[in-house]
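Q: Please take one part of this model and look at it closely with me. I would like to see how its residues sit, and then what surrounds other buried spots.

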Amino acid sequence: MCCIPQRLGQMDICKGVVSLATAAGAICLLYKAIRAGIKCQPPRCSASPICVARECPHPGERARPQEVPTPQVSRVGGPQGGLAVEREQHGRDSGELRRLLNSLECKQDEYAKSMILHSITRCVYLLESEASACTNDDITLVGSMLDDKDNSVKIQALNTLKAFSGIRKFRLKIQEHSIKVLELISTIWDSQLHIAGLRLLNNLPLPDFAHPQLRRVMPALMEILQSDYTLAQVQAARLLSNLAQKNDLLYDILNCQVHSNFLNLFQSTQPGSLLLEVLLFAERLSEGRSSPHYRAVKWHYNEQSVHEAVFGDDSRLADRLLALVIHPEEDVQIQACKVIVSLQCPQDVGVWPSCPPSHSCFSNAE
């Protein structure tokens, strides 16, 4: 029995030695990991859009990353060169946008083209002078990407054209692609493509030669408006509001077929941004159908048309508008009152900027 305490003591000593060895091993491993991390150099080129577009690869190859040159230190202590934005601010052309456009002309895979277009879009917004120095041939090059088989390339090309549309001298050239954009929107059901295409169209004055195509895609625009993608719905409502002001397109919009729950767009539970756009759309429709030019013709509408849903005898739009007058957002309240005024007051009176709930026009609607 006397040897038992001795053995227990020996076991405790062994455990202590093992614990110390384990701790020492862990510290050693941690030291090696930290040392390796310090010595490890970052990759010379990441998969960022700028790096992807640095060099035109041979057919079938990905773009090879280039070494990032070490910035030279100037006499004043700061690095020479710097970011492209900084160089432009100092009146120097970085050449970044031109390099990207040149690389887009090379044979690239879909991923590379998409990333290059994304980088071009950023450069157009950030490098104003370099973007203004581009040519119509550059717009044609970007527009050719709308025919790519990959949807992500199409979306990035639409975003790039949208960026260039902010420069006045390119708008006419970009308008030439409006027919293609309308075709993409109406034939491909992709919410991101819808958003990009509609944003581009809303940033352009649509030419008259696009009106026949607009009539053909009107059902698709209505489907997007009634979809479950808020951003796409907002852009579709904005485009339809603009088109409702065109005398030769108003009837096509009013007679367009919609779902039986179309007025759900006017529910108070909808996002405020969407409510503002659909209320403006309803106001434009009301003003257009009440104009002398439109009333000079006796029009006929199908039973499930926008006209019947909004202005028909069985329409419940008035109930929806009354609910929106007490909406938490003031802009929605005001726009709902504008629609009520346009529905109840003669057009020669004009549309008032706001209509408080106590006004007689509101009482008539109620």
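A: Let's sort residue types before anything else: Ala, Val, Leu, Ile, Met, Phe, Trp, Tyr, Cys and Pro count as nonpolar, Asp, Glu, Lys and Arg as charged, and the others, Gly among them, as polar. The model is predicted, so local features need pLDDT of at least 70 and side-chain atom pairs 80 or more, while totals for chains, interfaces and linings use all residues. Residues are numbered from 1 along each chain as its sequence is written, and side-chain values use heavy atoms, leaving out hydrogens and water.

The second largest pocket holds about 270 Å³ of space. Its lining has 18 residues, and His259, Ser260, Glu303, Glu308 and Ala309 are the closest to its centre. By type, the lining divides into six charged, eight polar and four nonpolar residues. (A pocket is an open set of points on a 1 Å grid over the protein atoms alone where a 1.4 Å probe fits, with protein on both sides within 12 Å along at least five of seven lines; lining residues have an atom within 4 Å of a point. The volume is the space filled by probe spheres on points joined across faces, edges and corners.)

For the wider setting, the protein has 20 helices and zero strands (DSSP runs numbered from the N terminus: H or I of at least four residues, and E of at least two). Of its 366 residues, 42% count as buried (under 20% relative accessible area with a 1.4 Å probe, protein chains only; exposed is over 50%, partly exposed in between). Among contacts with a separation of 6 or more (heavy atoms within 4.5 Å), 68% join residues 24 or more positions apart.

Aromatic rings are one way in which such links show up here. Rings of Phe, Tyr and Trp (its six-membered ring) pair if their centres lie within 6.5 Å; planes under 30 degrees apart are stacked, over 60 edge-to-face, and the rest tilted. By this rule there are four aromatic pairs. Tyr251 and Trp299 are stacked, because their ring centres lie 4.7 Å apart with the planes at 25°. The two residues are 48 apart in the chain: Tyr251 is in helix α14 (residues 250–254), and Trp299 is in the loop between α16 (292–295) and α17 (306–311). Tyr251 is partly exposed at 23% relative accessible area, and Trp299 is partly exposed too, at 31%. Tyr251 also pairs with Tyr301, this time tilted, with 5.7 Å from centre to centre and 40° between the planes. Tyr301 lies in the loop between α16 and α17, so this pair ties helix α14 to a part 50 residues apart in sequence. At 21% relative accessibility, Tyr301 counts as partly exposed. Together with Tyr294, the residues Tyr251, Trp299 and Tyr301 form one aromatic cluster.

Now for some buried spots. Helix α10 (residues 178–187) has Ser178, Val181, Leu182, Leu184 and Ile185 buried. These residues lie on the same side of α10, because they cover an arc of only 160° around the axis (taken from the directions from the axis to the C-beta atoms). Their cover includes α8 (151–164), α9 (171–175), α11 (191–202) and α12 (211–225).

Helix α11 itself holds two residues that repay a look. Leu198 lies in α11 and is buried at 0% relative accessibility. Beyond its neighbours within four places in sequence, Leu198 touches Ile185, Leu221, Ile224, Ala232, Gln235, Ala236 and Leu239. Its C-alpha atom is 9.5 Å from that of Leu221, 23 residues apart along the chain. His194, also in helix α11, is buried at 2% relative accessibility. Its contacts outside that four-place window are Ile185, Ile188, Trp189, Ile224 and Ala232. Between the C-alpha atoms of His194 and Gln233, 39 residues apart along the chain, the separation is 9.2 Å.

Another buried histidine, His177, sits in the loop between α9 and α10, with a relative accessibility of 14%. Past its neighbours within four places, His177 contacts Ile139, Thr140, Gly143 and Leu146. The C-alpha atoms of His177 and Ser144 are 9.3 Å apart, across 33 residues of chain. In helix α7 (residues 136–144), the buried residues are Asp138, Ile139, Leu141, Val142 and Gly143, and they pack against α4 (96–105), α5 (110–126), α8 and α9.
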